[in-house]
Amino acid sequence: MTPPSPREVFHRLVDGVSEGDPASLPALYAEHTDVRHPMYPGGIAPLTTRDQLARHFGVGVERTAPVVRFRAEDITVHETTDPEVIVAEFEYRGTTLHTGEPFAVPCVFVMRIRDGLIVESRDYIDHV
């Protein structure tokens with residue numbers, strides 16, 4: 001069976017995030033990975049295992065009522081000369097449920113995906 005392409009893995013990731021399905025997300029990553037959020041306010045330690053990613057995505061945490069609803073939109077995936085590496089530009093667009101106020105958060109992910117699993121990712125998101 002052929003593993004999914006880097007483009008397909010990226011789309012599975014943002015679809016899972018957008019649909020609020022955190023349990024599906026850690027399986028998209030290699031057991032040992034390197035995920036960094038360079039723009040996170042105050043810094044955040046690299047996520048290097050599936051277990052850390054599960055905690056990051058809130059797997060097993062009791063969910064409260066959502067405060068926002070959003071989807072990944074305006075997606076452009078750039079393939080590179082390295083077949084494992086893609087650069088994805090997109091926005092998370094949504095609505096703050098309490099006020100109805102719309103928002104858009106620009107994102108750029110630089111990802112290395114090997115054998116259908118994310119082994120490295122640099123997630124440039126304006127968290128503020």
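Select Arg 93 to begin: Arg 93 is partly exposed, with a relative accessible area of 30%, where buried means under 20%, exposed over 50% and partly exposed in between, using a 1.4 Å probe and protein chains only. Add Glu 91, which is likewise partly exposed, at 23% relative accessible area, and the two side chains will be seen to meet in a salt bridge with 2.7 Å from N to O; the term stands for a side-chain nitrogen of Lys or Arg within 4 Å of a carboxyl oxygen of Asp or Glu.

The model is a predicted one, in which local features need pLDDT of at least 70 and side-chain atom pairs count only at pLDDT 80 or more, while totals for chains, interfaces and linings use all residues. Residues are numbered from 1 along each chain as its sequence is written, and side-chain values use heavy atoms, with hydrogens and water left out.

Staying with charged side chains, select Asp 34, Arg 36, Asp 82, Glu 84, Arg 112, Arg 114, Glu 120 and Arg 122 together, since salt bridges that share partners join these residues into one network. Over the whole structure, the search finds 13 salt bridges.

Next, select Arg 7 and Glu 79, whose closest N and O atoms are 3.2 Å apart in another salt bridge. Arg 7 belongs to helix H1 (residues 6-18) and Glu 79 to strand S3 (residues 68-79), so this pair ties together parts that are 72 residues apart in sequence; helices (H or I, at least four residues) and strands (E, at least two) are DSSP runs, numbered from the N terminus. Of the two partners, Arg 7 is partly exposed at 33% relative accessible area, whereas Glu 79 is exposed at 59%.

Helix H1 and strand S3 are also linked by Asp 15 and Arg 71, a pair 56 residues apart. Their closest N and O atoms lie 3.9 Å from each other in a salt bridge, and here Asp 15 is partly exposed at 32% relative accessibility, as is Arg 71 at 36%.

Now turn to the aromatic side chains and select Phe 10, Phe 70, Phe 90, Tyr 92 and Phe 109, which ring pairs link into a cluster. Rings of Phe, Tyr and Trp (its six-membered ring) pair if their centres lie within 6.5 Å, with planes under 30 degrees apart counted as stacked, over 60 as edge-to-face and the rest as tilted; by this rule the count comes to six aromatic pairs.

Within the cluster, centre on Phe 10 and Phe 109, whose ring centres are 6.3 Å apart and whose planes stand at 90 degrees, so the pair is edge-to-face. Phe 10 lies in helix H1 and Phe 109 in strand S5 (residues 102-114), 99 residues apart, and both residues are buried. Then move to Phe 70 and Tyr 92, an edge-to-face pair with 5.1 Å centre to centre and 75 degrees between the planes. This pair links Phe 70 in strand S3 with Tyr 92 in strand S4 (residues 85-96), 22 residues apart; Phe 70 is partly exposed at 23% relative accessibility, while Tyr 92 is buried at 10%.

Finish at Thr 33, placed in strand S1 (residues 29-36) and buried at 6% relative accessibility. A polar atom of the Thr 33 side chain lies 3.0 Å from the backbone oxygen of Val 119. Neighbours within four places in sequence aside, Thr 33 is in contact (heavy atoms within 4.5 Å) with residues including Leu 47, Leu 53, Ile 118, Val 119 and Glu 120.

Notes:
A polar contact is a pair of N or O atoms within 3.5 Å; within protein, one must be able to donate a hydrogen and the other to accept it, and residues adjacent in sequence count only if both atoms are side-chain atoms.
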